[in-house]
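User: Please take a close look at one part of this structure for me and describe its surroundings in connected prose. I would like to know what the atoms support, step by step.

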Amino acid sequence: MKIYTVERMDKYDYDFSVELKKYGAFKDRKKAIKKAKEVYESMCGEYEDEMVKYSGEDCYEDVAGGRLYVEEDAENGYYCIAFGFEEDYECHSVAVEEWEMEE
């Protein structure tokens, strides 16, 4: 039997910390993917100001220099935003993980 979990990871390089949050386990993959999208949308709301700040080409030449990076794979329930450079770097992602459960 397969189950699907939804997890969010927040990584902050200024203090080298990684925080994992779990948002449930689901028997139905579609429900897990729907939950992942909800978590992603909420996460984008939390970092809305930073996403605007780091999306400017006039200040941040490319992703390696701190410009906003966004990856959305709605089909598989994977989302990622990253921005900043060196000690100001942050990466936030949401993912659906598939697990095989023994019965």
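Analyst: Cys 91 has a relative accessible area of 11%, so it counts as buried, and this, like everything below, is read from a predicted model. A search of the whole structure finds 0 disulfides. Cys 91 is therefore in no such bond, and the nearest cysteine sulfur, that of Cys 80, lies 3.8 Å away. Because a disulfide is counted when two cysteine sulfurs are within 2.5 Å, the 3.8 Å between the sulfur of Cys 80 and that of Cys 91, its closest cysteine partner, is too far for a bond. Cys 80 is buried as well, since its relative accessibility is 5%.

From Cys 91 the path leads to Asp 10, which has Cys 91 and His 92 among its contacts. Asp 10 lies in strand 1, and at 1% relative accessibility it counts as buried. The side chain of Asp 10 makes a polar contact of 2.6 Å with the side chain of His 92, and a further polar contact, of 3.1 Å, joins Asp 10 to the side chain of Arg 8. Once neighbours up to four places away in sequence are set aside, the other residues in contact with Asp 10 are Ser 17, Val 18, Glu 19, Lys 21 and Tyr 47.

Arg 8, the partner of Asp 10 in that 3.1 Å contact, belongs to strand 1, which covers residues 2–12. Although arginine is counted as a positive side chain, Arg 8 is buried here, because its relative accessibility is 2%. Beyond its sequence neighbours, Arg 8 touches Glu 19, Leu 20, Lys 21 and Tyr 23, then Val 39, Met 43, Glu 46 and Tyr 47, and finally Ser 93 and Val 94.

Glu 7 is likewise a strand 1 residue, and its C-alpha is 5.7 Å from that of Val 94, although 87 residues separate the two in sequence. Val 94 appears in the contact list of Glu 7, together with Lys 21, Lys 22, Ser 93, Ala 95 and Glu 97. With one of these, Lys 22, Glu 7 makes a polar contact between side chains at 2.8 Å.

Ala 95, which Glu 7 contacts, takes the description into strand 5. Its relative accessible area is 15%, so Ala 95 is classed as buried. Apart from residues within four places in sequence, Ala 95 is in contact with Thr 5, Val 6 and Glu 7, and also with Gly 77 and Tyr 78. A separation in sequence can go with distance in space as well: Ala 95 and Phe 16 are 79 residues apart along the chain, and their C-alpha atoms are 21 Å apart.

Strand 5 (90–100) is preceded by a loop that follows strand 4 (78–83), and Glu 86 is found in that loop. Glu 86 has a phi near 50°, a positive value in a residue other than glycine. As background, most residues other than glycine have a negative phi.

To place these details in the whole, the protein chain has 2 helices and 5 strands, running β-β-α-α-β-β-β from the N terminus. Among contacts between residues at least 6 apart in sequence, 50% join residues at least 24 apart. The C-alpha atoms fill a box of roughly 55 × 25 × 20 Å along the principal axes, and of the 103 residues, 35% count as buried. The accessible surface is about 6,800 Å², with 49% of it belonging to carbon and sulfur atoms. The chain carries 14 positive and 29 negative side chains, and the centres of these two sets are 9 Å apart.

A contrast to the buried residues described above is Val 52, which sits in helix 2 (residues 48–53) and counts as exposed because its relative accessibility is 59%. Its C-alpha is 20 Å from that of Lys 37, a residue 15 places away in sequence.

Key:
Residues numbered from 1 in each chain as written. Predicted model: local features only at pLDDT ≥ 70, side-chain atom pairs only at ≥ 80, totals over all residues. Heavy atoms only, no water. Buried < 20%, exposed > 50% of the residue type's maximum accessible area, 1.4 Å probe, protein only. Helix = DSSP H or I, 4+ residues; strand = E, 2+ residues; numbered from the N terminus. Contact = heavy atoms within 4.5 Å. Areas by Shrake-Rupley, 256 points an atom, 1.4 Å probe, with all protein chains shown as cover. Charge placed at Lys NZ, Arg CZ, Asp CG, Glu CD. Polar contact = N/O pair within 3.5 Å; in protein donor to acceptor, adjacent residues only side chain to side chain.
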